[in-house]
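Student: Please take a close look at one part of this model and walk me through it. I would like the strand pairing first, and then the aromatic rings and what lies around them.

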Amino acid sequence: HGALHSRTREPGLVHVDVETAVDSGGIPIQTYVVGPEDATTTVVFIHGFTLAAEVYYMQVDYLRQNFPDVKSLLIDARGHGRTGRVAPELCTIDGTADDVLAAIRAYAPTGPLVLVGHSLGGLTALNLVKRSDAELAERIQGVILVATSIESLSAQGLPQVLASPVAEKVMDATEAAPHDAEKFRSYASQFVAPALSTAVFKRPINDRVVEFHAAMIHETPLETFVGFFGDLQEHDELDAAEAMISIEGYVLAGENDDVTPLSQAERICELWPRAKLQIAEGAGHMIPLEAPGILNNAIAQTLQKVSTS
């Protein structure tokens, strides 16, 4: 797709210092590093469902300009982006946390870490914190959860989540036979692209960004939709609360997010009292693209705290 992985133009990551694959339990996870190899602090970006590392291009660019001594580490989680297709049963939050851990071991083996997780990536960040050994737990000094839920979809009552056009197609896909995959894919791209700007984005947004977002969804294999949607219906991270107690951070929510209800952000803050809740006025679910400033600012504030602690 012209909209993705060009490395020459935005929207997208235009400056990458290392682009490689890291082994995560036999899956080669596409990994991107921006910034100095010997950076003390690393910001680890974890993208959401049906997206890819590139969704954070504005944040990576912001760090390059404003925190040139900080490293950005990004992955295309299993089933997404250039990592590509895996079997549906491998599409789990535990699995994406393994992917992030593999990248951290390879490219940020020491020094403070700030985790930034959007949507499914937020659940992944919580899972990673919960499962960290003592050494890793000490290194995770900041977490920023963006448009993230902490309860399973079935616990939230699926109807709200199903307001999203992507989710409706996912439900259809789960019932569709595999030979319908191509039909589903072409239908999704025709249907999803025009619907996105009204359904997912709530602020007025540049057409190129909408196309870029649609291209990421279009590139997502059917297996990924089916596998993660199955996991999300039952998966929650309520038991991550204890591990989050001593960590600084932010919970960012879009005021008009139809995919992740605001009540989920409030629930996370109850369980993680140190977090600061910030609501992106007028924004929907796609805060990294719709309200980049609020996310950039949360990262900057967290990095300043990390460096002074």
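**Strand pairing and aromatic contacts**

Tutor: T20 has T31 in strand 2 as its bridge partner. The model is predicted, and what follows is computed from it. The T20 pairing belongs to a larger set: strand 1 (residues 18-24) and strand 2 run antiparallel and are joined by seven bridges. The two strands form a hairpin with two residues between them, and G25 there takes a positive phi near 55°.

Strand 2 (residues 27-34) also pairs with strand 4 (residues 71-75), again in the antiparallel sense, over four bridges. Within that pairing, V33 stands opposite L73 in strand 4. As for exposure, strand 2 is mostly covered, with seven of its eight residues buried.

Now the rings. Searching the whole structure gives five aromatic pairs. One of them is F49 with F228: the ring centres are 6.2 Å apart and the planes stand at 65°, so this pair is edge-to-face, the class for angles over 60 degrees. The two residues come from distant parts of the chain, 179 residues apart. F49 sits in the loop between strand 3 (42-46) and helix 1 (57-66), whereas F228 is in helix 10 (residues 222-234). Both F49 and F228 are buried. F225 joins F49 and F228 in one aromatic cluster.

A second pair, Y62 with F67, has a centre-to-centre distance of 6.4 Å and 50° between the planes, and is tilted. Its two members fall on either side of the 20% limit for burial. Y62 has a relative accessible area of 22%, so Y62 counts as partly exposed. F67, at 14% relative accessibility, is under the limit and therefore counts as buried.

Two further contacts complete the picture. T220 lies in the loop between helix 9 (207-219) and helix 10. A polar atom of the T220 side chain is 3.3 Å from the backbone oxygen of T50. With a relative accessible area of 3%, T220 is buried. Elsewhere, K276 lies over the face of the Y250 ring, 5.3 Å from the ring centre.

Terms used: Residues are numbered from 1 along each chain as its sequence is written. This is a predicted model: local features need pLDDT of at least 70, side-chain atom pairs count only at pLDDT 80 or more; totals for chains, interfaces and linings use all residues. Side-chain values use heavy atoms; hydrogens and water are left out. Rings of Phe, Tyr and Trp (its six-membered ring) pair if their centres lie within 6.5 Å; planes under 30 degrees apart count as stacked, over 60 as edge-to-face and the rest as tilted. Buried means under 20% relative accessible area, exposed over 50%, partly exposed in between (1.4 Å probe, protein chains only). A charge sits over a ring if NZ of Lys or CZ of Arg is within 6 Å of the ring centre and within 35 degrees of the ring normal. A polar contact is a pair of N or O atoms within 3.5 Å; within protein, one must be able to donate a hydrogen and the other to accept it, and residues adjacent in sequence count only if both atoms are side-chain atoms. Two strands pair if DSSP finds at least two bridges between them.
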